[in-house]
Amino acid sequence: MSTATTPRTTHAHATGSGVSFGHVLRSEWIKLRSLRSTAWCFAVIVVILVGFAALGAALSSAFSSTDATPEQQQSIAVTIITFGSPFAQLVAAVLGALVITGEYGTGMIRSTFAAVPRRTSALVAKVVLVGSTTFVVSLLSLAAGLLVATPLLSGQGIDVDLSDGRLWQSVVGAAATVAFTAMIAFGLGAIIRNGAGGIAAAIGVVFVLPIIFSIAQGLVAKAWIYTLYEFTPPQAGTRLYDYPVDGASMISMPALDGAVVLEPWQALLVLVGWVVVLFGIALALAKRRDV
Amino acid sequence: MIEARSLTKRYGSKVALDDVSFTVRPGVVTGFLGPNGAGKSTTMRMIVGLDRPTSGSVTVNGRPYAEHRAPLREVGVLLDAKAVHSGRSAADHLLAMAATHGIGKARVREVIALTGLESVAKKRVGGFSLGMGQRLGIAAALLGDPATVIFDEPVNGLDPEGVVWVRTLARHLASEGRTVFLSSHLMSEMAQTADHLIVLGRGRVLADAPVSTVIAQASGDGVRVRSPHLAQLSELLRARTEVVATTTDDGALDLRGVTAAQVGEAAAAQGIVLHELTPLVRSLEEAYMTLTQDSVEYHAGGTPAPDASATTSGAKR
């Protein structure tokens, strides 16, 4: 490096109109795609979703029965292609938390907030991008999984009807669940700010919370416990992509009498609610905190 | 132009900044000097809205930083610690920063060239030396061609060539009419770079004046005396309460708070023979130590205080 000469600080190109949401979104997009952790997390999500679908379809003889109705066959197909969903959610939780805690951990957040001192647009851009990219990656993976699984399933007597709107609703719902998980984890990460803490909290919500409720429900079979369980993000997500036949789900454990069972649209609202509440808290804190 | 008004920051009961007011003017290099922990970084973070003052306010070019439509075009800031994601390449970091303001790739290439980072621009920042990290921080600070630049400890970790480069850059930026505000805990560095000094100690402004004035203020008067009748001379001078005397290793007497003329006259009046009477010029470092000695937060435990603190001049405040 030999720059001990008189520096030239000229600025022929330093135009630029100022901070706008579009600019911030572009900046955050550059940031998201320039980290290896992003590529790794997405690669793992693809492998999990496609791999589990293929594996499930190849081993699906357990499901097949000659007397399955066409509707039941569709339900089996949905169950199989969403096999990987809980694991994809786990990776999405890590990604969502990392996107924000990585900035706090490295000090990058100071550069981010110095460039966007109002802070809100930077955080909104991040959560929008982490949610939308996770959704797109998951949707493409699930669609690929469906295409891989379809011929394997048909070899075992399960004929998947790809023209079925409900089937695609489940595919989109499953992709949305993974994306919501990433956004919930982002909110937790932005509140906690510490990488290990953020990831632990996100995994707690995605994995541990439902386990606690299902154990509690096993010990004391109370409808209200089941109802709480129904409102946890992974369970609400399950309702979003479930393909029940005559009210019976293949994916979810049976609800107790008197417990709330969410309709897909209600499940969507519950997941939106998780994101809005956590992100709202994160935003309020980020506006006040020193960095 | 940076204007700080009564900035105060408390962390619980601990006061990090106590009613700090100053103005940093364009066209000159203003040094922000103080021992570690004096509150320099906190003040700089407040200027760009990263930390909130408990009370008081600070404006840049007439407005709070956050109210500028294009803050990076107003202020370029190099923060103390590396404020860069270690997993991202230098070029991507700069592109992302530039994108927030719609600044194009051409300017990113310009600042990379300006800071001599061409060969490492595609490398991940995690592998950078401290010096390269500083260069990247300076590159980011210059992206928006800002009217004001704030560099927190810019020469930290730089090799001598890099130090000269930062010094030249700072002077050049000031000569273009920009406001240049640099912090350092090294007096010698500031003396070579800055025109004006704001000295901070334990969260208070100790001095705010041109460099030469600060040095003169902190130096005080000093005289070295040798005499076969030192004891008698000491006795004589002890009557003057403002005089502080220290005996040197080789038997001379160093006096503070009195001029050579006064010592000579007093000695002559009593008929005391003098073998040496030398006005002492203190080094910059000594002057700085004098200025900040009561405000150093973390003294090295157990080690004797350096020379300058053996005398207690009243130059502070």
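In strand E2 of chain B, the bridge partner of Tyr11(B) is Lys14(B). Helices (H or I, at least four residues) and strands (E, at least two residues) are DSSP runs, numbered from the N terminus, and two strands pair if DSSP finds at least two bridges between them. This is a predicted model, in which local features need pLDDT of at least 70 and side-chain atom pairs count only at pLDDT 80 or more, while totals for chains, interfaces and linings use all residues. Residues are numbered from 1 along each chain as its sequence is written, and chains are lettered from A and ligands numbered from 1 in the order in which they are written.

**Strand E1 of chain B and its partners**

Strand E1(B) and strand E2(B) (residues 14-24) run antiparallel and are joined by seven bridges. Their hairpin has two residues between the strands, and Gly12(B) takes a positive phi near 65° there. E1(B) also pairs with strand E4(B) (residues 55-60), in the antiparallel sense and over five bridges. In that second pairing, Thr8(B) has Ser55(B) of E4(B) as its bridge partner.

Most residues other than glycine have a negative phi. Two residues of chain B that are not glycine have a positive phi, as the table shows.

| Residue | Phi | Location | C-beta neighbours inside 10 Å |
|---|---|---|---|
| Ser6(B) | about 55° | strand E1(B) (residues 2-11) | 14 |
| Arg202(B) | about 45° | loop between strand E8(B) (196-201) and strand E9(B) (204-210) | 19 |

A residue is buried if 20 or more other C-beta atoms, placed from the backbone, lie within 10 Å of its own, exposed if 12 or fewer do, and partly exposed in between. Ser6(B) therefore counts as partly exposed with 14 such neighbours, and Arg202(B) counts as partly exposed with 19.

**The open sheet of chain B**

Six strands of chain B form an open sheet with mixed pairing, in the order E5-E6-E7-E3-E8-E9. Strand E5(B) (75-78) and E9(B) stand at the edges with a single partner strand each, so one side of each has no neighbour in the sheet. From one strand to the next, the twist averages 15°.

Within this sheet, strand E6(B) (residues 148-152) and strand E7(B) (residues 179-184) pair in the parallel sense over five bridges. Val149(B) stands opposite Val180(B) of E7(B). Helix H6(B) (residues 160-175) packs on the sheet and touches strand E3(B) (29-33), E6(B) and E7(B), its direction making about 155° with that of E7(B). Helix H5(B) (residues 130-142) lies across E5(B) and E6(B) and runs at about 170° to E5(B). Axes are lines fitted to C-alpha atoms, for helices over the stretch in contact, and angles run from 0 to 180 degrees between N-to-C directions.

**Two crossing helices in chain A**

The axes of helix H8(A) (residues 195-219) and helix H10(A) (residues 233-241) come within 7 Å and cross at roughly 90°. The two helices are therefore roughly perpendicular, a term for angles of 65 to 115 degrees. Val205(A), Val206(A) and Pro210(A) of H8(A) make the contact with Pro233(A), Pro234(A) and Gln235(A) of H10(A). Two residues are in contact if their C-beta atoms, placed from the backbone, lie within 7 Å.

**The contact between the chains**

Chain A contributes 39 residues to the contact and chain B contributes 50 residues. On the side of chain A that touches chain B, helices H1 (21-33), H2 (36-58), H4 (85-106) and H5 (108-115) of chain A each supply at least two residues.

Notes:
Parallel < 35°, antiparallel > 145°, perpendicular 65-115°, else oblique.
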